[in-house]
Amino acid sequence: MFYSANWQLVEERIDDDYLNNAGVNRRFQYIWGPRYIDDLVLRRLDGNADGDFADVGAIDKVYCHRTDAQFSTVAVNVIGCTPALTPCLRRACGWRRRGSRSGVR
Ligand SMILES: [Ca+2]
Ligand SMILES: [Ca+2]
Ligand SMILES: [Ca+2]
């Protein structure tokens with residue numbers, strides 16, 4: 001696990017089958033917002049640990065965290081990723097283009 005200087009978890013590397021096949025199988029990255037130290041915005045999963053988050057289908061995913069006023073996660077929206085990250089995040093988190101109605105969470 002890797003942490004920022006503020007002790008926010010930024011990356012987690014998981015070895016699911018260490019005894020039979022040592023080596024990372026999955027990788028999570030954590031993206032934090034600027035509002036507070038516990039402002040977790042989303043996690044993204046590199047489900048095949050190949051270094052990208054663009055494998056379509058059930059392999060790579062985005063987990064968008066919705067939080068309450070105390071920055072506790074109250075809901076997680078999970079979607080399979082697409083090769084282009086921005087539309088993927090828009091779908092997962094309901095983000096809109098700047099200037100459109102009901103924008104960022
Ligand atoms: Ca392994
Ligand atoms: Ca991948
Ligand atoms: Ca890939």
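This passage goes through the strands, hairpins and burial of a predicted model.

Local features are taken only where pLDDT is at least 70 and side-chain atom pairs count only at pLDDT 80 or more, while totals for chains, interfaces and linings use all residues. Residues are numbered from 1 along each chain as its sequence is written, with chains lettered from A and ligands numbered from 1 in the order in which they are written.

The protein has one helix and six strands, helices being DSSP runs of H or I with at least four residues and strands runs of E with at least two, both numbered from the N terminus. Going along the sequence, the order is β-β-β-β-β-β-α.

The N-terminal part of the pattern starts with β1 (residues 2-3) and β2 (residues 9-14), an antiparallel couple joined by two bridges; strands are said to pair if DSSP finds at least two bridges between them. Here F2 sits opposite E11 of β2. Five residues lie between the strands of this hairpin, and W7 takes a positive phi near 60° there. On to the next partner: β2 also pairs with β3 (residues 26-32), again in the antiparallel sense, over four bridges. In that pairing E12 faces F28 of β3.

A second run of pairings involves β4, β5 and β6. Strand β4 (residues 40-46) goes antiparallel to β5 (residues 61-67) over four bridges, and L42 has C64 in β5 as its bridge partner. Strand β5 then pairs with β6 (residues 73-80), antiparallel once more, this time over seven bridges. R66 is found opposite A75 of β6. The β5 and β6 hairpin has five residues between its strands, and F71 adopts a positive phi near 65° in it. As a general point, side chains in a regular strand alternate between the two faces of the sheet.

What about the loop between β3 and β4? R35 has its place there. This residue is exposed because just 10 other C-beta atoms lie within 10 Å; the cut-off for exposed is 12 or fewer such atoms, for buried 20 or more, and for partly exposed anything in between, with C-beta atoms placed from the backbone. R35 and F71 are 36 residues apart along the chain, and their C-alpha atoms are separated by 9.3 Å.

As for the whole protein, 14% of its 105 residues count as buried. Among contacts (C-beta atoms, placed from the backbone, within 7 Å), those with a separation of 6 or more include 22% between residues 24 or more positions apart.

Terms used:
Contact = placed C-beta atoms within 7 Å.
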